[in-house]
Amino acid sequence: MQAWQVHENGEPSEVMRLADVERPTPGDGQVLLKVRAANINFPDVLMCRGHYQVRPPLPFTPGVEICGETEDGRRVIANPALPHGGFAEYAVADAAALLPAPDALDDAEAAALHIGYQTGWFGLHRRARLEAGETLLVHAAAGGVGSAAVQLGKAAGATVIGVVGAPEKAAAARDLGCDVVIDRRAEDVVGAVKEATGGRGADVIYDPVGGDAYTQSTKVVAFEGRIVVVGFASGTIPSPGLNHALVKNYAILGLHWGLYNTKNPKLVQHCHEQLTEMAARGAIKPLISERVPLGEAAAAVQRVGDGVTTGRVAVLTGGEA
């Protein structure tokens, strides 16, 4: 089979190599899946660079999220068991963690429903307890993680403010349903949020960026607001001033979605049922900006790493034109 492999750490376009390799052999409790579509996530970029908290042994195949097909023909969503990731024709995954792919979504959309939307659901509902009528601020609102949070926030009845970094991303954020869109490169984010909220600020802030975005969040979080720390796409990990959180009465909430797979897997299943129902009634639908063939995966992963994509980029390996 064909699979992309990383033999040394570095930029994806430089270290990912397409090779003919043996199909992976499932271990105890695992199944072999034919990959139909693989969604590109920022952790794939970080793993190539050697900067992710999970460091699979070299050589490894990146790709942490797929829509695959079981031997008996079922469409499923899975997180492949590294080092045999999803940017390949076949991958292996834990049988107990397989989730049915929603009928309402095609292969690329189904592949993109899992990590980003689960993270958004847990962040907004489990951690921040977002309520209808509240204001949600989403950083990187047109990106893969942010776009999911925007849709989930709107589905929950929140007013959603999206922060983006380019005019074309502003257009995508509006299409996703943002009530207010702020281009951080052309506007003062703090001033624009305060103006949009009548000076009150945002009740919940969803931050997959870190760095300057987190600093802005502390200046616009409302009384008893919640900042959900999802990741650090900027490359800068903030050092929160806890005295500031005390004085302004806001909460800083960490979210590592992967922990739920071991700490409370039944909640992951419940979340998937909620997401499937929302997809069936059209309340959420992953934004797939690009669908590329397997041979173009390395260049696509690099584009995600460079921050020039909107929504999700899917690698198609079979089952879809």
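**Note on salt bridges, buried residues and helix packing**

1. The side chains of Arg49 and Glu11 form a salt bridge, with N and O 3.0 Å apart. Arg49 belongs to helix α2 (residues 42-49) and Glu11 to the loop between β1 (2-6) and α1 (12-15), so this pair ties together parts that are 38 residues apart in sequence. Arg49 is partly exposed, at 21% relative accessibility, and Glu11 is also partly exposed, at 27%. This and everything below refers to a predicted model.

2. A second salt bridge joins the side chains of Lys285 and Glu109, at 2.9 Å from N to O. Lys285 sits in the loop between α11 (265-280) and β14 (288-293), while Glu109 is in helix α3 (residues 107-111), so the pair ties together parts that are 176 residues apart in sequence. The two partners differ in burial: Lys285 is partly exposed, with a relative accessible area of 45%, because the range for that class lies between 20% and 50%. Glu109 counts as buried, because its relative accessibility is 7% and the limit for buried is under 20%.

3. Arg281 and Glu277 make another side-chain salt bridge, with a distance of 2.7 Å from N to O. Arg281 counts as exposed, because its relative accessibility is 52% and the class begins over 50%. Glu277 is partly exposed, with a relative accessible area of 40%.

4. Over the whole structure the search finds 13 salt bridges. Four residues, Arg36, Glu69, Arg75 and Asp107, are linked in a salt-bridge network. Within this group, the side chains of Arg36 and Glu69 are joined by a polar contact of 2.7 Å. Arg36 lies in strand β3 (residues 30-39) and is buried, with a relative accessible area of 15%. As a marker of distance across the model, the C-alpha atoms of Arg36 and Ser234 are separated by 31 Å, and these residues are 198 apart along the chain.

5. How many disulfides are there? The count is zero, and a pair would be counted if its cysteine sulfur atoms lay within 2.5 Å. Two cysteines can be placed by their burial. Cys48 counts as buried, at 0% relative accessibility. Cys178 is buried too, with a relative accessible area of 10%.

6. Ser147 is in helix α5 (residues 144-155). Is Ser147 buried or exposed? Ser147 is buried, because its relative accessible area is 2% and the limit is under 20%. A polar atom of the Ser147 side chain lies 2.7 Å from the backbone oxygen of Gly143. Beyond the neighbours within four places in sequence, Ser147 is in contact with Ala140, Ala141, Ala142, Leu176 and Gly311.

7. Helix α8 (residues 212-220) has Ala213, Tyr214, Ser217, Thr218 and Val220 as its buried residues. An α-helix has 3.6 residues a turn, so residues three or four places apart point the same way. The cover over the buried residues of α8 includes the strands β8 (135-139), β11 (202-207), β12 (221-229) and β13 (251-254). The helices α7 (189-196) and α9 (242-248) are also part of that cover.

8. How do α7 and α8 meet? Two packed helices are described by the angle between their axes and the distance between the axes. Here the angle is about 35° and the axes of α7 and α8 are 9 Å apart. The crossing of α7 past α8 is right-handed. On the α7 side the contact is made by Val189, Val190, Val193 and Lys194, and on the α8 side by Gln216, Lys219 and Val220. Val220 is also listed among the buried residues of α8.

9. Leu267 is in helix α11. Leu267 counts as buried, at 12% relative accessibility. Apart from neighbours within four places in sequence, Leu267 is in contact with Phe122, Arg126 and Tyr260. Leu267 and Arg200 are 33 Å apart in space, C-alpha to C-alpha, and 67 residues apart in sequence.

Conventions: Residues are numbered from 1 along each chain as its sequence is written. This is a predicted model: local features need pLDDT of at least 70, side-chain atom pairs count only at pLDDT 80 or more; totals for chains, interfaces and linings use all residues. Side-chain values use heavy atoms; hydrogens and water are left out. Helices (H or I, at least four residues) and strands (E, at least two) are DSSP runs, numbered from the N terminus. Buried means under 20% relative accessible area, exposed over 50%, partly exposed in between (1.4 Å probe, protein chains only). A polar contact is a pair of N or O atoms within 3.5 Å; within protein, one must be able to donate a hydrogen and the other to accept it, and residues adjacent in sequence count only if both atoms are side-chain atoms. Contact means heavy atoms within 4.5 Å. Axes are lines fitted to C-alpha atoms, for helices over the stretch in contact, and angles run from 0 to 180 degrees between N-to-C directions. A crossing is left-handed if the near helix is turned anticlockwise from the far one by less than a right angle, and right-handed if clockwise.
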